[in-house]
Amino acid sequence: MEGKRDHRETASSSGTVSSPNSFALCHPAKFAFKAYYFFFYAAIGSSFPYLMLFFKQLGLNAAQAGILSGVKLFSEAIGAPLWGTIGDQLRIRKIILFASLVSFSSGILLFMPFPPRNQECIETRANATEIKTPLSFTTGQIRYEEQSIEEGGYLNHTGQTNFSRRIDETEMSKIFTTFLIITISSQIVGSVVFNMPDALVVGYLQGGISTFGYYRVWGEVGVATGSFVVGGVINFYRSEVCGEIVKNYFISFYFFAGFISLAMFTLIFVKVTYPDGDADDSNLWLLIKELMRLHNAMFVVVACFLGILVGMHEYFGLWYLDDLGAQPYMLGLASGLRYAIALCGYTFSGMVIDKFGYTCTIAVCLLLYTFDFMGMAFVVNPWLGVVLFSAQGLLYGTSWSACVVFGGTVSLRVGFYSATQGVLGGVYWGLGVGTGVFLSGVLINWLGVAKTYFVYSLVTLVILVPFLLVNFWIRLREERGNNDQERKPLLLKKTEENH
């Protein structure tokens, strides 16, 4: 396949970094990249899984929480290529990444100082007496004083009592608007935090780009570590508020701040490599023309579709397992197994891509996605659902590594490492995952989760067929061109003999 041939050519033309030593932690430059991935994704793991729950606890509805998450995703499709291009042209990638980290983390931490102040807990007793008690959201806990404003005494919980929570919709609309402004403002610069590090690794590896997974795997270790540690700590800080057990999700912000600070510190030691020559507008136009070639354009479309599949599975997979009757510990097990299997995908992706090429790797991942999503559509046993949900981690880790190798192969030919990875990351994480979240929500409301998985499995098969045909046609055309080149010297020689 062409992916294998392109990778071999770039590997032979640049011997900057050798792949066999990519497991070594003692090498300072390699250790800096791996440490950065670990701390940054530990910050993500300590906050993102609990951010939606935090919004829900404040009183935001599902649509508002979805918009806040979607804005972050779609902003990457625009901001990542833009800032990546500026970083390449001005050779200030590290400065842009640091500024992006500051802006991105500020946008997360600024959710803390705007708690609702006009919410009440309404306790309805057996004799239909209602007692209203204010809820006080402070930075770190939800205060609920069991004292009636009207009666001035402590509540008596004897007998049948029903609790309800009154939310001031006008206040929540103002809080949502504030959060939306914070999110949009922080993402103007913060949209490259996920893509720029990949570009730095690609620029550092150059010829050894297939070993990218050995570096990115530390991000999955970080996600699992952050999520596990914060989840365990949050479980220790529970209290009964308004008749239900609530958890203190403010804790996740403190861990996020600590991990992201360590990521900023490790960024100081990250080595930045730029291609030889100046990154001018002509090189940028060369990049655009390169990505518009049939094979490359098809690959970008497939990368976007892979992002859509990730958006569906990551945001609604556990929801579906819960519908199947999975117990809470089974949901935790499924999430943990998915992270662990994704580690294997990143770890062994280099060997797979070296042997078969990135094009063949993507094709196999699409085929396996078809079977995995088809299985999810018809599964009835929650334990089998846990297996199918977790198996997607292998496809995610392997396919994203192949996408990065593709982007690195293109950037090695035209330069613009950050711009190339910015376009690819924006298409995958921004446009793809963002579309996956919104589109899947619409389809689930219309068809249900099982039928939505079935539709995605069929569409995946439809995408796979033209992807294979295009690459097969390009390969035949290249082989025919090589044969013509080989015949030319023979024809010239025969012509000279005849004369």
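1. Let's start with a helix pair: helix H10 (residues 294-323) and H13 have axes that come within 10 Å and cross at roughly 155°. That angle makes H10 roughly antiparallel to H13, a label given to angles over 145 degrees, while those under 35 count as roughly parallel, 65 to 115 as roughly perpendicular and the rest as oblique. Axes here are lines fitted to C-alpha atoms, for helices over the stretch in contact, with angles from 0 to 180 degrees between N-to-C directions. In the contact of H10 with H13, the residues divide into 16 nonpolar, six polar and one charged.

2. A word on the source: this is a predicted model, in which local features need pLDDT of at least 70 and side-chain atom pairs count only at pLDDT 80 or more, while totals for chains, interfaces and linings use all residues. Residues are numbered from 1 along each chain as its sequence is written, and side-chain values use heavy atoms, with hydrogens and water left out.

3. H13 has another partner in H12: the two pack at an angle of about 160°, with their axes 9 Å apart. H12 is therefore roughly antiparallel to H13. The contact of H12 with H13 holds 15 nonpolar, seven polar and one charged residues. Both H10 and H12 pass H13 in a left-handed crossing, meaning that the near helix is turned anticlockwise from the far one by less than a right angle.

4. Staying with these helices, the second largest pocket has about 180 Å³ of space. Of its 13 lining residues, Val352, Thr361, Val364, Cys365 and Thr398 are the closest to its centre. Helix H11 (328-356), helix H12 (358-378) and helix H13 (382-414) each give two or more residues to this lining. By class, the lining of this pocket has ten nonpolar, three polar and no charged residues. A pocket is an open set of points on a 1 Å grid with protein on both sides within 12 Å along at least five of seven lines, and lining residues have an atom within 4 Å of a point.

5. How many cavities of 30 Å³ or more does the structure hold? There is one, and the volume of the largest cavity is about 40 Å³. A cavity is a set of grid points where a 1.4 Å probe fits but cannot get out. Phe33, Tyr36 and Tyr37 are among the residues that line the largest cavity, as are Leu97 and Pro197. Helix H2 (28-58) and helix H6 (196-205) each supply at least two lining residues. The lining comprises nine nonpolar, no polar and no charged residues.

6. Two loop residues may be worth a look. Arg91 sits between helix H3 (62-90) and helix H4 (93-109), and its phi is near 55°, a positive value in a residue other than glycine. Arg91 is partly exposed, at 33% relative accessibility. Val193, in the loop between helix H5 (169-190) and H6, is buried, with a relative accessible area of 0%. Buried means under 20% relative accessible area, exposed over 50% and partly exposed in between (1.4 Å probe, protein chains only). The C-alpha atoms of Val193 and Ser100 are 6.0 Å apart, with these positions 93 residues apart along the chain.

7. Finally, Pro466 lies in helix H15 (residues 449-498). Pro466 is partly exposed, with a relative accessible area of 32%. Its C-alpha atom is separated by 8.8 Å from that of Met298, 168 residues apart along the chain.

How values were computed
Grid points are joined across faces, edges and corners, and a volume is the space filled by probe spheres set on the points. Helices (H or I, at least four residues) and strands (E, at least two) are DSSP runs, numbered from the N terminus. Ala, Val, Leu, Ile, Met, Phe, Trp, Tyr, Cys and Pro count as nonpolar, Asp, Glu, Lys and Arg as charged, and the others, Gly among them, as polar.
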